[in-house]
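Me: I have a model open and would like to talk through its cavities, its ligand site and a few backbone details. Could you take a look with me?

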Amino acid sequence: MCGIFGIITNQGNISLGKVVLEGIKRLEYRGYDSCGIVSLSNSKLYIKKDSGKIEEIQKKINLADIPNDSKLALAHTRWATHGRPTRINSHPHLDCSNKIAVVHNGIIENFLELRKNLSQKGHLFKSETDTEVIPHLIEDKMEEGFNFKDSVVEALKSCSGAYGLAVCHVDYPESIIVVRKESPLVIGIEEGKTTYLASDIPAFLPLTRKCYIMEDDELAVLKAGEVDFYDLNNNKKIEKEIQVIKWNIDAAEKGGYEHFMLKEIYEQPTAIKNTMKISKDLLKSFANTLWSAENIYITAAGTSYYASLAGKFIISKFLGKYISPIECSEFQTQLSNSLKSDSVIIAVSQSGETIDTVEAIRWAKTKKNVKVLTITNVVGSTLTRYSDKVIVTQAGPEIGVAATKTYSTQVLTLALIALEIAKLRKVESESEIEKYEIALRATPQIIENFLKNNVDLIKDIVETLEQSAQFFFLARGISIATAKEGGLKLKEVACRFIEGYSAAHAKHGPISLVREGFPIIFIAPPDETYQRLIGNIMEFKARGGKIISLIVENDKTVLELSDITIKIPQPGDKYHNIFSPITFTPALQLLAYYTSLHHGLDPDKPLNLSKTVTVH
Ligand code: AGP
């Protein structure tokens with residue numbers, strides 16, 4: 001969702017406009033529909049903003065054209081929530097005196113009431129946004145005699161909701177005030193020279209590796225090359241440690257690939273190998289907690305939810321207990337009267353910031369003895385703060401809005417936990433467990449071989465499906481997760497309404513859509529559901545369906561029933577069906593990617609989507 005980038009410097013040789021524009025561009029992946037920049041010079045605010053993508057806005061107005069002597073600027077990409085994506089609703093928003101400018105991520109939930117009160121006091125509003133109440137509230141507090149920082153503190157006392165925000169004031173050109181409450185913000189620093197702020201580290205990583213990660217309810221006063229932090233609740237100064245970012249900006253750049261999505265699809269073998277190095281002790285402690293649990297839930301959103309569906313299937317096989325999957329946004333509603341205090345909850349989130357997942361866990365933790373086991377790709381993310389144990393997947397930064405490599409590393413992590421459970425419970429012999437381990441270790445090679453040899457086939461299938469704005473991915477058992485994830489990827493990046501569904505359940509309604517030539521993609525690993533899936537394939541074939549199947553290399557039966565097959569390498573005893581969500585899904589990711597390109601879309605910038613969903 002929205003992105004914030006800001007800078008305050010005492011250096012004369014910095015081309016501020018260029019730095020700010022490049023910084024906010026590095027946050028484009030978060031998803032947005034408008035962009036704005038405010039700078040300050042000669043006791044005046046200079047604002048450039050409009051709706052549209054940065055490239056389009058640049059053609060109309062040069063966002064980077066800010067006064068030469070300006071030493072401070074804030075930039076924002078807006079993902080519309082309150083009010084349509086228009087120039088007026090774009091950030092920054094100002095107070096009545098045009099002295100205070102605010103950029104804001106998140107939502108001020110009680111903005112209607114605040115707006116009414118402020119209007120009664122004579123404040124004039126220009127936009128439909130919730131954000132605009134903030135500069136007016138600050139203005140009010142300054143009129144009451146508070147200084148800049150304390151006005152921000154006082155103003156926020158009346159706001160409820162989530163925010164990451166940055167404020168500048170023409171009378172305080174040497175500072176920017178930044179506040180975090182449930183919406184991520186990081187501060188980058190070149191000591192004594194320049195300070196940056198951003199909603200995500202990649203925005204300033206080419207400029208500095210030193211940063212402070214802000215926590216909820218913290219306020220920071222940014223000056224050129226220095227920062228002071230305060231606890232928002234008592235306005236007292238706090239000390240924070242500088243962190244040095246170890247990963248390289250290359251990890252957050254396209255590295256020769258046309259899109260982040262494609263790069264990240266191809267990074268999966270490495271991401272999986274790195275994630276396999278997770279500490280055995282940590283895996284064991286997850287396994288122990290699950291083994292001793294009575295009630296186990298797994299919760300997540302979107303792709304992380306589908307990874308959870310696949311993972312809970314694998315864990316349940318070895319644990320011998322059912323794990324209830326619940327979408328995070330439904331968690332509290334569905335369990336309000338039934339969450340037992342000794343439950344264990346597995347929370348899965350790439351970003352660790354998805355508000356519904358964080359809120360589900362925060363609520364669950366109000367119950368005594370509930371334990372939370374988190375799997376995330378982001379160290380120190382909000383979710384980790386409410387967790388008893390955390391595994392950080394080693395996918396590396398994922399910039400593409402459509403999750404790819406984080407999906408496979410999430411499933412892998414859940415599979416690794418499952419194997420530790422198998423060892424603990426001794427439900428399988430050591431040699432059997434070793435077979436699973438060998439198969440898991442072979443997954444990077446299988447994916448690598450597949451990606452190397454199948455791009456032309458996938459492109460041909462994209463052409464075959466050109467006229468099909470709707471079709472199904474059908475599967476049974478564990479592969480339903482793969483089908484759902486495939487459907488989600490196509491919806492996200494290719495704007496096709498493709499549904500991932502249970503092959504058996506499809507008879508109870510969806511089959512009525514099938515006509516001559518209607519494409520159905522079957523996910524058909526030869527697991528325990530295979531024979532019945534063949535029956536389902538026959539049913540769809542009998543109705544004229546065009547059968548495209550994802551099969552393992554030596555599957556002759558489904559091959560003969562299909563019009564087209566996509567073959568997943570099956571290196572002898574190194575392949576195992578239970579890990580098919582890891583080895584089969586990259587084919588569907590590629591299909592979504594090339595379908596997106598075929599229809600002239602940008603897979604890295606899907607319409608209306610945001611990488612991290614921080615509103616309910
Ligand atoms: C995946 O392609 C989507 N971008 C989306 O469904 C995502 O998986 C979901 O928003 C959850 O995000 P999280 O993993 O960061 O919690």
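Me: By class, which residues does the lining of the second largest cavity have?

Reply: This is a predicted model, and in it the lining of the second largest cavity has 5 nonpolar, 2 polar and 2 charged residues. The residues that line this cavity are V462, L465, E466, S468, F471, L490, R496, L591 and T595.

Me: And how much space lies in there?

Reply: The second largest cavity holds about 50 Å³ of space, and the largest cavity has a volume of about 60 Å³.

Me: How many cavities does a search of the whole structure find?

Reply: The search finds 3 cavities of 30 Å³ or more.

Me: What lines the largest cavity?

Reply: Its lining is made up of C2, R78, W79, T81, H91, H104, G106, T129, D130 and T131, and by class these divide into 2 nonpolar, 6 polar and 2 charged residues.

Me: H91 caught my eye; what is the peptide bond from H91 to P92, cis or trans?

Reply: The bond from H91 to P92 is cis, with omega near 5°, and P92 itself belongs to the loop between β4 (72-78) and β5 (93-94). As background, most peptide bonds are trans, and most residues other than glycine have a negative phi.

Me: Which residue other than glycine has a positive phi here, and where is its place?

Reply: S43 has a phi near 55°, which is positive although the residue is not glycine, and S43 is placed in the loop between β2 (34-41) and β3 (44-51).

Me: Now the ligand: which residues come nearest?

Reply: There are 14 residues around the ligand, of which S304, S349, S351, T354 and E492 come nearest. By class, the shell is split into 5 nonpolar, 7 polar and 2 charged residues.

Me: What lies close to the ligand's oxygen atoms, backbone or side chain?

Reply: Both kinds of atom appear: a backbone N or O atom of T303 lies 3.0 Å from a ligand oxygen, a backbone N or O atom of Q350 lies 2.7 Å from a ligand oxygen, and a polar side-chain atom of K489 lies 3.1 Å from a ligand oxygen.

Me: How much of the ligand's accessible area does the protein cover?

Reply: The protein covers 92% of the 410 Å² that the ligand has accessible on its own, and the space that the ligand takes is the second largest pocket.

Me: Which elements give two or more residues to the shell?

Reply: Those elements are α9 (302-319) and α16 (479-494).

Definitions and conventions: Residues numbered from 1 in each chain as written. Predicted model: local features only at pLDDT ≥ 70, side-chain atom pairs only at ≥ 80, totals over all residues. Heavy atoms only, no water. Near = heavy atom within 4 Å. Polar contact = N/O pair within 3.5 Å; in protein donor to acceptor, adjacent residues only side chain to side chain. Areas by Shrake-Rupley, 256 points an atom, 1.4 Å probe, with all protein chains shown as cover. 1 Å grid on protein atoms, 1.4 Å probe; cavity = no way out; pocket = protein on both sides within 12 Å on 5 of 7 lines; lining within 4 Å. Sits in = over half its atoms within 2 Å of the grid points. Helix = DSSP H or I, 4+ residues; strand = E, 2+ residues; numbered from the N terminus. Nonpolar A, V, L, I, M, F, W, Y, C, P; charged D, E, K, R; others polar. Points joined across faces, edges and corners; volume = space filled by probe spheres on them.
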